[in-house]
Amino acid sequence: MSAEGPEANDQRPLRQAQGLAQAKRVETAEPASPGGSNAKPSVVRGPWSVVPAPHAALLAAIAVAYGISHFSDQIDPYHLDVLTGIGINIILAVSLNLVNGYTGQFSLGHAGFMSVGAYFSAAVSLFLAPSILGESGGNAWQQGGFFLVALCAGGLCAALAGLLVGVPSLRLKGDYLALVTLGFGEIIRVIFQNVEKLGGALGLNGIPAFTTIFWVISFVALTVFVVNCLVNSTYGRGFLATHDDEVASEAVGLNTTRYKIVAFVIGAFFAGIAGGLYGHFKLTITPTGFDFTKSIEIVVMVILGGMGNTLGVILAAILLTLLPELLRPIAEFRMIIYSFLLIVLMLVRPQGLFNFSFRPSRQKSAAATPTA
Amino acid sequence: MGAIYALIALGYTMVYGVLRFINFAHSDVFMVGAFIGYYAGKLVPEGTLWGGLLVLTIAMVGCALLGIRIERSAYRPLREPTDFNLFTILGMVVGAIAGYFLCNRIIAGRNVSDFTPALRLVSAWAGAETFGWLGARIKPRFVVWKTSGGAATLNVLITAIGMSLLLEYSGQVFFGAAPRTFPSIFPMKNFQVGNLVFSTNQLAVILIAVLLMIALQFIVYRTKIGTAMRAVSLNPQAAQLVGVNNDVVISFTFGLGSALAAAGGILYALNYPSIDPLMGVMPGLKAFVAAILGGIGNIPGAALGGLILGTVETFVNGSQWSTYKDAIAFAILIIILLFRPAGLLGKFTVEKV
């Protein structure tokens, strides 16, 4: 054990603590012990084996996105809009899943981070684009590169906000954490409402339409890739351990607060990216578009998909974006149906709609900590 | 303002004290209370004292029933294993729709347009209750689920949020999203004491709030059911062992809290006479902040927290920072949770493993 360095030391006791359900997630992690390496299936050696499967999938997804973007003229604009909406929601839901699902910290302020990213990247595009790209607006490559910079700036700004919010509030648990994150989300909104430079309550208008289907699909792929690889890595065990039993993780020497903050910051970063995409897609953003209802919407996607289940969360995000579109003919009643379904679902499938490997939480007594 | 926050906060605090969860739907019960007051207010002559009190009573009883209904159909199945019958749900849906259309048939051609939304709602609710009850009688094996009970905090929270959305959007469908003017149900007069001018409405708010809080204090500390409430809040299992019927106590708590929310809703609508289905969201969140400020689960604490929050907010509103009014409540929440998570009057508990 001692020969494997501190990282492996982290990992070993946890695996014992987590039990069977985690065994599935171990696949991509390093072999835990010399004897364990035999357990790895002998992969058929081909040209693809140079690139690990998740990386290959990421590259393939970006290639597909590039391919699709060439045909985007031929797709019905309405379908393209819906598709973009789905993509943005997937990014939001998957990044929130890292915080809520894998790390088990209940955050209700995701829309706040989204708004930080949206505002910052929109501000970058609005105020810097004319001076950098010139009057003509530059060619497609220049625009793309600039958009990437703007998005990353938005994401980093959101991550910074996540750090500022996370450091003080992640000492709290359960309901209280939910409320504090909700409070921060609302405060961020009120601040944007009062900054005249960013349009105040009227919001920012005239954001350049940089978001294309290529960017959306690429960032969806990137988000899923990062979250998946992170959770399956040695370091990522810490998130799962924090989720499963905080006291036990502390006892085996994990700094759970740090894991929570890291998860929070990464979640906020991708929320910021999603916000940037959203801003350059809708072309106008208002502070009220990022209120508490939006946060709830994202949380519902995570819960519906099953906490800590990336695939389920993606399916839920698709379903919940399509549902309002499909229910459009009965618009008056659609939100009633939506909320009613939500309650019924919580009663009959508390583990989420798309979660088929349900493990009941281990602590069920009334004395259990509210983190589970 | 502080008194109103205090009333709503009391409902949150009681439910949290007994069940340890945030009842997000509470703020919408508050809204329903205001709407019941709106329709009941049309039935009684305006500006009379007995009329006002009657409206208040009707709204409180109506909301108490609603609160109990919410608890039984949404929260109880999460808490303990409950037989879950597809026919019950189907029955409730069918009943609600049937009630709605039956009501439309009956009122067609009669001159009751003022009350149409209220009648439809009552009718739909009655239909849902009847058909739900009928559905519960039919129990073929294959449509019965058993909920597992003992749900995680998160699931309860989401259910509460779902319930809150359900009430809000039902409100929008039945009452319409446009704001309405609340009738002045109490006599209007302005008093002057020295340099202070205050109206009967403000006086009524303070009087009613204080009376209700005294009544609540009496119920919780001087009656049998109040003792049972405190017992359940202290330790549900032990309470059950000494013969307390937890379900009854919890239902009663919900009823009591919802009645207070209804009173809060009417008092709020008296001072800000414009009501709409989303009116509950902000006061609800702030009242919850007030409950935490005073120490959640602590009844005098909720009252104190409400008063402090109301006062601070009123001061901010009058200063140059008035546009940051909404942020202040949350800033207070964050500061309190970081430095004194148990609230001003709360007790600290050490987590045991």
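This is a short tour of a predicted model, with suggestions for what to select at each stop.

**Stop 1: chain A as a whole**

Begin by showing chain A as a cartoon. You should find 13 helices and zero strands, so pick a colouring that separates one helix from the next. Of the 372 residues in this chain, 47% are buried. If you display contacts between positions with a separation of 6 or more, 83% of them join residues 24 or more positions apart.

**Stop 2: helix H7 of chain A**

Now select residues 213-232, which form H7 of chain A. This helix has 20 residues and reaches 28 Å from its first C-alpha to its last, close to the 28 Å expected at 1.5 Å a residue. Turn on its side chains and look for the buried ones, including Trp215(A), Phe219(A), Asn228(A) and Val231(A). What lies over them? The cover includes H2 (53-71), H3, H5 (140-169), H8 (237-244), H10 and H12 of chain A.

**Stop 3: H7 against H10 in chain A**

Keep H7(A) and add residues 256-282, helix H10 of chain A. The two helices pack at an angle of about 170°, with their axes 11 Å apart. An angle over 145 degrees counts as roughly antiparallel, and H7(A) and H10(A) are therefore roughly antiparallel to each other. For the contact, show Trp215(A), Val216(A), Phe219(A) and Thr223(A) on the H7(A) side, and Phe270(A), Ile273(A) and Leu277(A) on the H10(A) side. Sorted by class, these are six nonpolar residues, one polar and no charged.

**Stop 4: helix H12 of chain A**

Next, select residues 310-326 of chain A, helix H12. Its 17 residues reach 24 Å between the first C-alpha and the last, close to the 24 Å expected at 1.5 Å a residue. Among its buried residues are Thr310(A), Gly312(A), Ile314(A), Leu320(A) and Thr321(A). Their cover includes H3 (77-102), H7 and H11 (292-305) of chain A.

**Stop 5: where the chains meet**

Bring chain B into view. The contact between the chains takes 41 residues from chain B and 38 residues from chain A. On the chain B side, the elements giving two or more residues are H3 (49-79), H6 (153-175), H9 (236-241) and H13 (325-339). Which of them gives the most? That is H6(B), with 14 residues. By class, the side of chain B that touches chain A has 30 nonpolar, nine polar and two charged residues.

**Stop 6: the matching pair in chain B**

Select residues 200-222 and 246-271 of chain B, helices H7 and H10. They pack at an angle of about 170°, and their axes are 9 Å apart. That makes H7(B) roughly antiparallel to H10(B). Residues to label include Ala204(B), Ile208(B) and Leu212(B) in H7(B), and Leu260(B), Ala263(B) and Leu267(B) in H10(B). This contact divides into nine nonpolar, two polar and no charged residues.

**Stop 7: the nonpolar core**

Finish with the largest nonpolar core, which has 207 residues. Ala93(A), Ala6(B), Ala34(B), Cys63(B), Ala263(B), Val289(B) and Leu333(B) touch the most other members. H10(A) gives the largest share of this core, 16 residues. Zoom in on Cys63(B): leaving aside neighbours within four places in sequence, its contacts include Val29(B), Gly33(B), Ile36(B), Ser258(B) and Ala262(B). Apart from the largest core lies another, of seven residues, among them Ile89(B), Ala96(B), Leu121(B) and Ala124(B).

Technical notes: Residues are numbered from 1 along each chain as its sequence is written. Chains are lettered from A and ligands numbered from 1 in the order in which they are written. This is a predicted model: local features need pLDDT of at least 70, side-chain atom pairs count only at pLDDT 80 or more; totals for chains, interfaces and linings use all residues. Helices (H or I, at least four residues) and strands (E, at least two) are DSSP runs, numbered from the N terminus. A residue is buried if 20 or more other C-beta atoms lie within 10 Å of its own, exposed if 12 or fewer, and partly exposed in between; C-beta atoms are placed from the backbone. Two residues are in contact if their C-beta atoms, placed from the backbone, lie within 7 Å. Axes are lines fitted to C-alpha atoms, for helices over the stretch in contact, and angles run from 0 to 180 degrees between N-to-C directions. Angles under 35 degrees count as roughly parallel, over 145 as roughly antiparallel, 65 to 115 as roughly perpendicular and the rest as oblique. Ala, Val, Leu, Ile, Met, Phe, Trp, Tyr, Cys and Pro count as nonpolar, Asp, Glu, Lys and Arg as charged, and the others, Gly among them, as polar. The expected span of a helix is 1.5 Å times one less than its number of residues. A nonpolar core is a set of buried Ala, Val, Leu, Ile, Met, Phe, Trp, Tyr and Cys residues joined through C-beta atoms within 7 Å.
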